[in-house]
Amino acid sequence: MTKTKTTILHNPRCSKSRETLALLEANGADITVVEYLKQPPNETEISNILTLLGLTARQMMRTKEDEYKAQNLANPALTEAQLISAMVATPKLIERPIVLANNQAAIGRPPENVLSIL
């Protein structure tokens with residue numbers, strides 16, 4: 001059986017992210033770990049992830065972060081491009097963890113969500 005090539009946008013300080021990574025390891029995935037706070041995805045990568053998730057930019061944002069409020073990102077007049085730019089500039093706003101495998105994506109909240117794409 002071939003291992004599934006899997007990428008996780010990971011924050012080692014987040015318990016859900018650590019649990020999701022452990023779950024991927026337990027399932028034998030071939031994992032590339034991207035610490036997205038150190039290596040943030042660009043606009044194109046975020047757009048592709050949103051398409052795979054079937055979500056809007058705001059749905060993939062951590063709306064309870066102080067930066068979300070400080071940047072007035074709840075403003076309904078903001079476009080998808082503006083929200084994506086905010087995630088690139090402030091990667092802490094990106095919901096975590098996000099797992100990419102088999103041309104699909106899933107958010108590991110709860111961690112078991114990612115099993116459906118392996």
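User: Which exposed residues does the face of α2 turned away from its buried side carry?

Analyst: That face carries Thr 44 and Thr 51. Keep in mind that this is a predicted model.

User: And which residues of α2 are buried?

Analyst: Burial is read from relative accessible area, and under 20% counts as buried. In α2, which spans 43-53, the buried residues are Ile 46, Ile 49, Leu 50 and Leu 53. They cover an arc of only 100 degrees around the axis, so they sit on the same side of α2.

User: What covers the buried residues of α2?

Analyst: The cover includes two kinds of element. From the strands come β1, β3 and β4. From the helices comes α4.

User: How do I read the two ends of α2?

Analyst: Take the N-terminal end, then what follows the helix. Asn 42 caps the N-terminal end of α2. One of its side-chain oxygens lies 3.0 Å from the backbone nitrogen of Thr 44. After α2 comes Gly 54, with a positive phi near 70 degrees.

User: Which residues of α4 are buried, and which are exposed on the other side?

Analyst: Helix α4 covers residues 80-89, and its buried residues are Leu 83, Ile 84, Ala 86 and Met 87. Seen down the axis, these fall within an arc of 155 degrees, so they line one face of α4. Ala 81 and Ala 89 are exposed on the other side. The buried residues of α4 pack against α2.

User: Now the strands. How should I think about their side chains?

Analyst: In a regular strand, side chains alternate between the two faces of the sheet. Next, look at who pairs with whom. Strand β1 (residues 5-10) runs antiparallel to strand β3 (residues 98-101), and four bridges join them. Four bridges also join β3 to strand β4 (residues 104-107), again antiparallel.

User: Where does Leu 100 fit in?

Analyst: Leu 100 is in β3 and is the bridge partner of Thr 7. Leu 100 also stands opposite Ala 105 in β4.

User: How many residues lie between β3 and β4 in their hairpin?

Analyst: Two residues lie between them. One to look at is Asn 102 in the turn, which has a positive phi of about 55 degrees.

User: Is Ser 17 buried or exposed?

Analyst: Ser 17 is at 0% relative accessibility, so it counts as buried. Ser 17 is found in helix α1 (residues 15-26). Its side chain reaches the backbone nitrogen of Asn 11 at 3.1 Å. Leaving aside neighbours within four places in sequence, Ser 17 is in contact with Ile 8, Leu 9, His 10, Asn 11 and Pro 97.

User: Why do salt bridges form?

Analyst: Side chains of opposite charge can pair when their charged atoms come close. In this model the count comes to seven salt bridges.

User: Which salt bridge does Lys 38 form, and how exposed are the partners?

Analyst: Lys 38 pairs with Glu 35, with the closest N and O atoms 3.3 Å apart. Lys 38 is exposed, with a relative accessible area of 66%. Glu 35 is partly exposed, at 26%.

User: Are Arg 62 and Glu 65 buried or exposed?

Analyst: Both count as buried: Arg 62 is at 17% relative accessibility and Glu 65 is at 13%. They form a salt bridge, with the closest N and O atoms 3.0 Å apart.

User: Which salt bridge does Glu 67 form?

Analyst: The side chains of Glu 67 and Lys 92 meet in a salt bridge at 3.5 Å, N to O. This pair links distant parts of the chain, 25 residues apart. Glu 67 is in helix α3 (residues 66-70), and Lys 92 is in the loop between α4 and β3. Glu 67 is partly exposed at 24% relative accessibility. Lys 92 is also partly exposed, with a relative accessible area of 36%.

User: Which residues are linked in a network of salt bridges?

Analyst: The network links Arg 62, Glu 65, Glu 67, Lys 92, Glu 95 and Arg 109.

User: Last topic: the core. How many residues has the largest nonpolar core?

Analyst: It has 21 residues, and those with the most contacts inside it are Met 60, Met 61 and Met 87. At least two residues of this core come from each of α2, α4 and β4. Leaving aside neighbours within four places in sequence, the contacts of Met 61 include Tyr 68, Leu 73, Leu 83 and Met 87. Apart from this core lies another, of nine residues, among them Ile 8, Ala 29, Val 99 and Ile 117.

How values were computed: Residues are numbered from 1 along each chain as its sequence is written. This is a predicted model: local features need pLDDT of at least 70, side-chain atom pairs count only at pLDDT 80 or more; totals for chains, interfaces and linings use all residues. Side-chain values use heavy atoms; hydrogens and water are left out. Two strands pair if DSSP finds at least two bridges between them. Buried means under 20% relative accessible area, exposed over 50%, partly exposed in between (1.4 Å probe, protein chains only). The arc is that of the directions from the helix axis to the C-beta atoms. Contact means heavy atoms within 4.5 Å. A polar contact is a pair of N or O atoms within 3.5 Å; within protein, one must be able to donate a hydrogen and the other to accept it, and residues adjacent in sequence count only if both atoms are side-chain atoms. A salt bridge is a side-chain nitrogen of Lys or Arg within 4 Å of a carboxyl oxygen of Asp or Glu. A nonpolar core is a set of buried Ala, Val, Leu, Ile, Met, Phe, Trp, Tyr and Cys residues joined through side-chain atoms within 4.5 Å.
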